[in-house]
Amino acid sequence: MYMKNKDQQFQALVEAYHKPLYRYAYWLTSDESVAEDLVQETFMRAWRALDSLQNVDAAKSWLITILRRENARRFQRKSLEYSDIETDELPDNSGHFAYSTNMEALRSCMSRLSEKYREPIVMQLVLGYSQDEIASALEIPANTVATRLRRARQQLQAMLGGDEQGYSRGVGV
């Protein structure tokens, strides 16, 4: 991907990675508007730091790292924010996307995994990352990633109540 200038390079990044980043953000947050905000903030930070991107082949990992950090900042800010709006007054957007029953079950179970297990399995399932790519993105050893992926699958299997083969066939993991 050869770029003549910053605008073209940025536009190419947005076109290439907006959808995968949104899918990843949505799996992390389970909220359409929060996911879109995360992606938008990720691209804003990417724009400001675009000159630091030395290897275009590493752009996807670079953007995922920015998104993960922005998501962590979201939790830091969230702990300080309070709202006077009653939760009963908030719109229910949970039925906006039409998902299969299996996908909803998987999403629900994945949201109950601890972050250390959820994040690598989302990276593998949603982004198609290899074990080594996950290790690089999370800055942990590949063996730790393998252990976390295995434990995540075991926990998902237990939550979904199926055997490993039935689980794999039933929810596409």
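# Exercises: salt bridges, a helix pair and unusual phi values

A search of the whole structure, which is a predicted model, finds 5 salt bridges. The exercises below start with these pairs.

## Exercise 1

Task: Find the salt-bridge partner of E119, and state which parts of the chain the pair links.

Solution.
- Step 1. Recall the principle: side chains of opposite charge can pair when their charged atoms come close.
- Step 2. Find the partner. E119 forms a salt bridge with R68. The closest N and O atoms are 2.4 Å apart.
- Step 3. Place both residues. E119 lies in helix α5, and R68 lies in helix α3 (residues 59-78). They are 51 residues apart, so the pair links distant parts of the chain.
- Step 4. Check accessibility. E119 has a relative accessible area of 8%. Buried means under 20%, so E119 is buried. R68, at 21% relative accessibility, counts as partly exposed.

## Exercise 2

Task: Describe the salt bridge of E70 with R73, then find the network that holds both residues.

Solution.
- Step 1. Take the distance. The closest N and O atoms of E70 and R73 are 3.0 Å apart.
- Step 2. Place the pair. Both residues lie in helix α3, 3 residues apart. That spacing is about one turn of the helix.
- Step 3. Apply the helix rule. An α-helix has 3.6 residues a turn, so residues three or four places apart point the same way.
- Step 4. Check accessibility. E70 is buried, at 2% relative accessibility. R73 is partly exposed, with a relative accessible area of 26%.
- Step 5. Follow the shared partners. Salt bridges join E41, R45, R48, E70 and R73 into one network.
- Step 6. Look at another pair. E41 forms a salt bridge with R48, and their closest N and O atoms are 3.7 Å apart. R48 counts as exposed, at 53% relative accessibility.

## Exercise 3

Task: Classify the packing of helix α5 (residues 115-127) and helix α6 (residues 131-138), and list the residues in contact.

Solution.
- Step 1. Choose the descriptors. Two packed helices are described by the angle between their axes and the distance between the axes.
- Step 2. Read both values. The axes of α5 and α6 come within 10 Å and cross at roughly 130°.
- Step 3. Classify the angle. Angles over 145 degrees count as roughly antiparallel, and 65 to 115 as roughly perpendicular. The crossing falls in neither class, so α5 is oblique to α6.
- Step 4. Add the hand. α5 passes α6 in a right-handed crossing.
- Step 5. List the contact. α5 contributes E119, P120, M123 and Q124. α6 contributes I134, A137 and L138.
- Step 6. Sort these residues. They divide into 5 nonpolar, 1 polar and 1 charged.
- Step 7. Compare with burial. The buried residues of α5 include E119, P120 and M123.

## Exercise 4

Task: Locate S30, E139 and G128, and give the phi of each.

Solution.
- Step 1. Set the expectation. Most residues other than glycine have a negative phi.
- Step 2. Take S30. S30 has a positive phi of about 60° although it is not a glycine. S30 sits in the loop between α1 (6-29) and α2 (32-48). At 36% relative accessibility, S30 is partly exposed.
- Step 3. Take E139. E139 is not a glycine, yet its phi is positive, about 60°. E139 is in the loop between α6 and α7 (142-160). With a relative accessible area of 64%, E139 is exposed.
- Step 4. Take G128. G128 comes just after α5 and takes a positive phi of about 75°.

Terms used. Residues numbered from 1 in each chain as written. Predicted model: local features only at pLDDT ≥ 70, side-chain atom pairs only at ≥ 80, totals over all residues. Heavy atoms only, no water. Axes fitted to C-alpha atoms, helices over the stretch in contact; angles between N-to-C directions. Helix = DSSP H or I, 4+ residues; strand = E, 2+ residues; numbered from the N terminus. Parallel < 35°, antiparallel > 145°, perpendicular 65-115°, else oblique. Left-handed = near helix turned anticlockwise from the far one by under 90°. Contact = heavy atoms within 4.5 Å. Nonpolar A, V, L, I, M, F, W, Y, C, P; charged D, E, K, R; others polar. Salt bridge = Lys/Arg side-chain N within 4 Å of Asp/Glu carboxyl O. Buried < 20%, exposed > 50% of the residue type's maximum accessible area, 1.4 Å probe, protein only.
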